[in-house]
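Student: Please take a close look at the site of the ligand in this model. I would like one connected account of what surrounds the ligand and how the protein contacts it.

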Amino acid sequence: MEDQLYDFACRLAEEAGQYIRSRMDDRTNMEQKTNGSDLVTVVDKASEALLMERIQASYPDHWILSEETDGEGNSYDKLRGKPGGYGWILDPIDGTTNFIHGVPHFAVSIGIVKDKEPVIGVIYSPLTGELFAARKGHGAYVNGQAIRVGEEAAVGQALLGTGFYAGDWLPDSDALPEVARMVGRCRNLRMTGAASLDMCWVAMGRLTGYWHRGLHPWDSAAGTVIVREAGGTVTDYEGNPYDMTQSTIVATNGRIHQELIQQLC
Ligand code: 2AM
Ligand code: CA
């Protein structure tokens with residue numbers, strides 16, 4: 001069952017990605033959500049419709065939680081209200097701001113959970129052609145090649161990533177003190193704007209670690225499977241194992257995890 005779901009999710013992510021590529025000219029056709037930094041395009045919505053239609057046609061008894069349909073209200077409560085069995089957690093375009101500006105760092109993110117536990121993660125970057133995929137207990141891959149987290153053993157050698165979510169892009173942002181605490185302590189910092197892909201970068205060692213506050217399940221569910229299957233660790237800021245209803249996330253190669261949490265908080 002799960003190997004079929006895995007193949008289906010990989011093909012589906014590629015299909016949605018191909019669709020997004022075909023609509024690059026429409027990328028500035030956008031609306032504001034909560035503020036001028038919180039944007040959605042017609043392509044986000046159309047990509048979501050494609051994903052949902054395909055999943056409902058093939059797996060009518062599975063539930064779906066998806067950003068543009070479920071983004072209003074409390075996503076964690078919505079997730080808690082879902083039944084057991086298989087569910088799909090979708091972000092039709094993660095990194096919408098990058099998409100709008102033509103920055104080739106955005107992705108279709110598909111997480112599959114069983115009884116609320118993430119078991120499959122598929123993240124496809126349409127402009128770079130990188131398909132990241134992992135299935136619990138079966139390793140993590142980019143375009144079929146196995147990937148592993150980086151080897152850095154200390155924060156001082158780490159290239160780290162973080163980001164500001166739309167509602168926290170403010171002069172008194174809660175993310176700023178975290179950034180200030182890490183300046184000068186790690187090798188350097190990247191803020192590339194797509195949580196799902198940034199987690200894939202941890203999984204393949206481009207980044208040593210990543211932290212972010214204010215995330216929703218669709219930003220992090222798929223990436224968590226990929227980081228863990230690549231040998232990494234994913235927790236909240238307190239070090240509790242990631243459970244999809246926590247909005248803070250720390251994803252690392254494992255070796256720097258405790259040191260990063262101590263320095264960050
Ligand atoms: P998005 O592109 O799907 O909106 C940027 O640091 C990351 O934060 C992106 O993955 C982005 O996802 C996510 N993000 C943007 N706005 C957000 C919000 N209001 N709440 C949670 N995550 C958000
Ligand atoms: Ca999105």
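Tutor: Strand E4, residues 86-94, gives the largest share of the shell around ligand 1, with 3 residues. The model is a predicted one. In total 17 residues surround ligand 1, and those that come nearest are Asp94, Gly95, Ala195, His212 and Gly214. Sorted by class, the shell holds 6 nonpolar, 7 polar and 4 charged residues.

The position of the ligand can be read from the domains. Domain 1 (2-146) and domain 2 (155-264) both give residues to the shell, so ligand 1 lies between them. The space that ligand 1 takes is also the largest pocket.

Next come the polar contacts. Aspartate 91 has a polar side-chain atom 3.0 Å from an oxygen atom of ligand 1. On the side chain of aspartate 219, an N or O atom is 3.2 Å from a nitrogen atom of the ligand. Glycine 214, already listed among the residues that come nearest, makes its contact through the backbone: one of its N or O atoms there lies 3.5 Å from a nitrogen atom of ligand 1. On its own, ligand 1 has 480 Å² of accessible area, and the protein covers 88% of that.

Two backbone details complete the account. Most residues other than glycine have a negative phi. Aspartate 115, in the loop between strand E5 (107-114) and strand E6 (117-125), has a positive phi, near 50°. Methionine 244 likewise has a positive phi, of about 75°, although it is not a glycine. Methionine 244 is placed in the loop between strand E13 (233-235) and strand E14 (249-252).

Key
Residues numbered from 1 in each chain as written. Chains lettered and ligands numbered in written order. Predicted model: local features only at pLDDT ≥ 70, side-chain atom pairs only at ≥ 80, totals over all residues. Heavy atoms only, no water. Near = heavy atom within 4 Å. Polar contact = N/O pair within 3.5 Å; in protein donor to acceptor, adjacent residues only side chain to side chain. Areas by Shrake-Rupley, 256 points an atom, 1.4 Å probe, with all protein chains shown as cover. 1 Å grid on protein atoms, 1.4 Å probe; cavity = no way out; pocket = protein on both sides within 12 Å on 5 of 7 lines; lining within 4 Å. Sits in = over half its atoms within 2 Å of the grid points. Helix = DSSP H or I, 4+ residues; strand = E, 2+ residues; numbered from the N terminus. Nonpolar A, V, L, I, M, F, W, Y, C, P; charged D, E, K, R; others polar. Domains from an automatic or database assignment.
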